[in-house]
Each structure stands twice: as structure tokens, then as C-alpha cells.
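Reader: Could you walk me through how the helices and strands here fit together? I would like to see where each term comes from.

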Amino acid sequence: MAEEDRTTTPTKRRSRNPGSQPALRLLNRQRIIDALLGAGPSTQAEISRSTGLSTATVSNIVKSMAAKGLVSTAPTTSSGRRALSVTINGNGAVAVGIDFGRSHVRVVLANLGYQVVAERALPLPLGHHASESIAAAADLLNLLLAEANIPRSLIVGAGAGIPGPIDRRSGTVVQGAILPEWVGINILERLEKTLELPVYADNDANLGALAEVTWGPHRSVSNLMFLKIGSGIGAGLILNGAPYYGNVGVTGEIGHATINEHGPICRCGNRGCLETVASTATMIELLSRGAVEPLTVGDIVRRALAKDSATLRVIDDAGLAVGRAIGNVANLINPEVIVVGGPLAGLDDLLLDPIRRGLLRHAVPVVGESTTLAMSSLGDRAEALGAASLVFQHQRIRRP
């Protein structure tokens, strides 16, 4: 599926009529950007020939892009005639990607060529309130802009992801988020007021899925599931080339699939959810018993790589439970690829192998055998990169 066909419909700042003049202008601007990214500096006449747009249309759009810093122009000659050479500015348009986690906030700046030009993360205390993390994100953004010498006027928008469901009708964080302090907050209003930018918000797993088909090695995949295993467990879905949001935007809550109906009470109020068996919080609790201080996720990864038997058993049990849950999902949607992300990505096959066994055991044979299972190559940047992609997609700027 061509990337331009991936239309995202997350919680967003404003809607856009695809048949309107502004939308047509955005599409024509993208054609010019594509031509410049592919051919390099070109005259307006060359752009007109390669895009099929009239010279007048090219001239008007180039003039607008130059005013916004997207391109630079310079006099030149072509076939002995005076002409105007147009060069795309690599950092002429910048998208901000923000990932709000349970104990961190990460901010990335990405340019038109889908290159990260600046990035930084900060730890946050457990149980932090939205005002704290939003203020931290704003401070990080200002710091990164100063370090990269990028004027704020070049920012075309900010994307933000949180580890929890967002009701698309109201733009509010709903019950079930890993950050309960954020429940009921209108994330768009709060972020736009603080950042003074157009903002688009989505669930972090949805952004992880979007990152995999824009930044990752799966750009040609039309049916993909991104599974984030962390303090909570969530899934983002790309179905038929587009992110899937369901009715009100609350999708991918695979962490609350029942694994053991007589199991421990989950934070959602049900018993035996996948999160009670396979989240990093559960792993830490199990492996920290008797320890002087609780383990960290990093400790779990190091112990597993060192072949600690107790750690390997906990990971194996968790992987089998995850495999069972995604096997049921795979039977429903038949994805081509399932990508596992989150802080345990460093475990690689130590985690993938039990997940694969669980998938093959619980999926229909032809589904299980035809589904590719892979660890994310984007590490802990996936959600922030997906947030930046979200901005570019709303600006109709595709990856070259």
C-alpha cells in the first residue's frame, strides 16, 4: 500500500476537507517536495515538467514555501534563459514528536527528510501529573530548538503519545491509562495552551505502529500489529494500510485480554488480564521478592542475557501468555507482521521465542505460520518517531 494512502484519523486539532482548495494546495505542495527530494535543486520549469503542475501553480506554491522557510530560491540560467533554482531546506519544516511515559518524557525533532535533528529524554517521577510532564516537554522542546539552532517558526506541529486510551470524541484520556493522574484531561487543550503549536495526540502503541510503517523496515506492510510490552501492554494496528481506531478510538487494549479468569485483580478491575502476567511491572514484582531494592527493567534484561534461571522462567511465562493473546488477535485480523516493542526489546529471541510458541499454539496453523514476528528496530524511540510522523501526515508530507 502506498504510504500516501495511509490516512490517519487520531484525536486531532482540526479536521480538513480532502476536496477543499487548501487540501489540494497541500497535495500539490507535496508533489513539489517529492520532486525536490528526488531530483535535488531544480528550476521551476523543471518542477513543472516533473510534477505536471502548471508553471503558475508551481511559482505560487514555491513562493509560499519560501516564505515559510521550506525552500530557498536563487537566480540561475537554464538553456541560456534566466530561471529560478529551488532548493529544499532540510530543516525547513520541523515536526515535534513527544512520548509521555509512566516515568519519562522524550522529545524528538524531525525534518522533512524524516531525519532526527535533535532528541532528548528526561526521567519523571512515578505518579507524575500532566502539568509536570507537559511542562517538562515544553522545556525540552525549547532546549532542543536552541541546541539545533532551529527557529520556532519552522515547527509545523507537535504530535504526542500517552500510554493509555484517548476518546476521540472529546480528546480526553479515559479510564485504563497507565497514567491514572491524566484520566479526564483534555490532552490537546493542555498541550496546545502550553506549547502554542498545532497538536495531534494518540495512544503510544498506535504511534509505535505508525512509526514501524514510516520509520521502520516495514513501510510496504499493509497489515501490521505493534505490541508494546512495558508497565502496561498495548497494541497498535495498521489494517489495509491505515491505522485502525474503531468507534471511539479505544482499540488495541490487549493488555486486558483475560488469560486466567481466576488470576489476580488487574488495575482495570477484572481478573487475570495479560498485564497481570506479562507486564514489566509484574516481572519486577516477581523477581524483586526478597531483594533489598526492587529491580529495574534494565536489571531484568541484564539478568536474562546472563542466563539467570529465575529471570528466564519469568520471561518465558510472560512470552507464552503474550503469544496466546496475539494468537487470538491474529485469528481475527490475519496480520502480515507483528512487531514487539518496548523496554524489553534488548532481549530479542529470549522474548520472541516464547511469544512465537504461544502464537503458533493458539493461532490457526496457516495464520500462525504466515505471520512474521519481529522485534522493533526503533527501540524506545518508536512512539516519539510515530508522533512526528503523525504531524507530517496531517501536513500531507510523506516520507521520501
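**Strands, sheet and helices**

Author: Happy to! Val 199 in S10 is the bridge partner of Ala 158. This is a predicted model, where local features need pLDDT of at least 70, side-chain atom pairs count only at pLDDT 80 or more, and totals for chains, interfaces and linings use all residues. Residues are numbered from 1 along each chain as its sequence is written, and side-chain values use heavy atoms, leaving out hydrogens and water.

Reader: How do you know that strand S7 and S10 pair?

Author: Two strands pair if DSSP finds at least two bridges between them. Strand S7 (residues 155-162) and S10 have five bridges, in the parallel sense, so they pair.

Reader: What makes S6 and S10 edge strands?

Author: The open sheet runs S6-S5-S4-S7-S10, with mixed pairing. Strand S6 (116-123) and strand S10 (199-203) each pair on one side only.

Reader: Why is H6 called roughly perpendicular to H13?

Author: Their axes (lines fitted to C-alpha atoms, for helices over the stretch in contact, with angles from 0 to 180 degrees between N-to-C directions) cross at roughly 75 degrees and come within 7 Å. Angles under 35 degrees count as roughly parallel, over 145 as roughly antiparallel, 65 to 115 as roughly perpendicular and the rest as oblique. The crossing therefore makes H6 roughly perpendicular to H13.

Reader: Which residues of H6 make that contact?

Author: Asp 204, Leu 207, Gly 208, Leu 210 and Ala 211 of H6 do, where contact means heavy atoms within 4.5 Å. On the H13 side, the residues include Leu 385 and Leu 390.

Methods:
Helix = DSSP H or I, 4+ residues; strand = E, 2+ residues; numbered from the N terminus.
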